[in-house]
Amino acid sequence: QVQLMESGGGLVQAGGSLRLSCAASGSDFSINAMGWYRQYPGKQRVLVAVITSGGTTDYADSARGRFTISRDNAKNTVYLQMNSLRPDDTGVYYCNADVSNSGNVRSSSWGQGTQVTVSS
């Protein structure tokens with residue numbers, strides 16, 4: 001079982017920046033990919049950005065050019081640097097980890113979510 005601990009959400013004015021962090025902990029796991037998802041009230045979670053173990057990244061069109069995902073493999077931590085924030089970036093941001101154990105069993109873990117609010 002992998003636990004994900006998120007931090008860094010908050011309230012910011014439009015045009016501002018925030019940096020989200022997500023640290024993975026547990027035993028017998030290796031990370032295949034980590035990503036950030038955003039959820040609006042009453043809506044499904046949608047992918048914002050993802051980074052693979054090899055460092056390949058991908059972004060939602062709304063995030064590309066403004067957000068940067070990165071990871072520290074030694075700390076099993078992923079970051080999301082969000083710049084030029086807009087009110088429609090507001091939502092709960094969830095960290096996700098796609099992991100495998102020593103038996104090559106793959107699973108997905110979610111963090112508890114962190115609120116990001118961008119005021120106009």
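A residue is taken as buried when its relative accessible area is under 20%. By that criterion, 7 of the 10 residues of strand 4 (residues 30-39) are buried in this predicted model, so strand 4 is largely enclosed by the rest of the structure. Over the whole chain of 120 residues, 42% count as buried.

The chain contains 11 strands and 0 helices. In sequence order, the secondary structure therefore reads β-β-β-β-β-β-β-β-β-β-β, following the run definition used for helices and strands. The C-alpha trace spans about 50 × 25 × 20 Å along its principal axes. A compact globule with 120 residues would have a radius of gyration near 14 Å, and the value for the chain, 14 Å, agrees with this. Of the contacts between residues at least 6 apart in sequence, 54% join residues at least 24 apart.

Strand 4 pairs with two strands described here, strand 9 and strand 5. With strand 9 (residues 91-100), strand 4 forms 9 bridges in the antiparallel sense. In this pairing Gln39 stands opposite Val92 of strand 9. With strand 5 (residues 46-52), the pairing of strand 4 is likewise antiparallel and comprises 6 bridges. Here Ala33 stands opposite Thr52 of strand 5. Strand 4 and strand 5 form a hairpin with 6 residues between the strands. Within this hairpin, Gly42 adopts a positive phi near 80°.

An open sheet of 4 strands is also present, with the order 1-3-8-7 and antiparallel pairing. Strand 1 (2-7) and strand 7 (67-72) are at the edges of this sheet. Each edge strand has a single partner strand, so one of its sides is left without a neighbour in the sheet. From one strand to the next, the twist averages 15°. Inside the order, strand 3 (residues 18-26) is joined to strand 8 (residues 77-82) by 6 bridges, and the two strands run antiparallel. Ala23 has Thr77 as its bridge partner in strand 8. In a regular strand, side chains alternate between the two faces of the sheet.

The structure holds 1 disulfide, formed by Cys22 and Cys95 with a distance of 2.1 Å between the sulfur atoms. The angle about the S-S bond is -85°, and the link is left-handed. Cys22 belongs to strand 3 and Cys95 to strand 9, so the pair ties together parts that are 73 residues apart in sequence. Both Cys22 and Cys95 are buried.

Strand 9 also contains Ser100. The relative accessible area of Ser100 is 9%; this is under the 20% cut-off, so Ser100 is classed as buried. The side chain of Ser100 makes a polar contact of 3.0 Å with the side chain of Asn32. With neighbours within four places in sequence left aside, the residues in contact with Ser100 are Asp28, Phe29, Ser30, Asn32, Val105 and Arg106. Asn32 thus appears both in this contact list and as the polar partner of Ser100.

Two residues other than glycine take a positive phi in the loops that flank strand 9 in sequence. Ser84, located in the loop between strand 8 and strand 9, has a phi near 50°. The relative accessible area of Ser84 is 42%, and the residue is partly exposed. Asn104, in the loop between strand 9 and strand 10 (106-110), has a phi of about 65°. With a relative accessible area of 64%, Asn104 is exposed, since the cut-off for that class is over 50%.

Methods:
Residues are numbered from 1 along each chain as its sequence is written. This is a predicted model: local features need pLDDT of at least 70, side-chain atom pairs count only at pLDDT 80 or more; totals for chains, interfaces and linings use all residues. Side-chain values use heavy atoms; hydrogens and water are left out. A disulfide is a pair of cysteine sulfur atoms within 2.5 Å. Buried means under 20% relative accessible area, exposed over 50%, partly exposed in between (1.4 Å probe, protein chains only). Two strands pair if DSSP finds at least two bridges between them. A polar contact is a pair of N or O atoms within 3.5 Å; within protein, one must be able to donate a hydrogen and the other to accept it, and residues adjacent in sequence count only if both atoms are side-chain atoms. Contact means heavy atoms within 4.5 Å. Axes are lines fitted to C-alpha atoms, for helices over the stretch in contact, and angles run from 0 to 180 degrees between N-to-C directions. The radius of gyration is taken over C-alpha atoms; the globule rule is 2.2 Å times the number of residues to the power 0.38.
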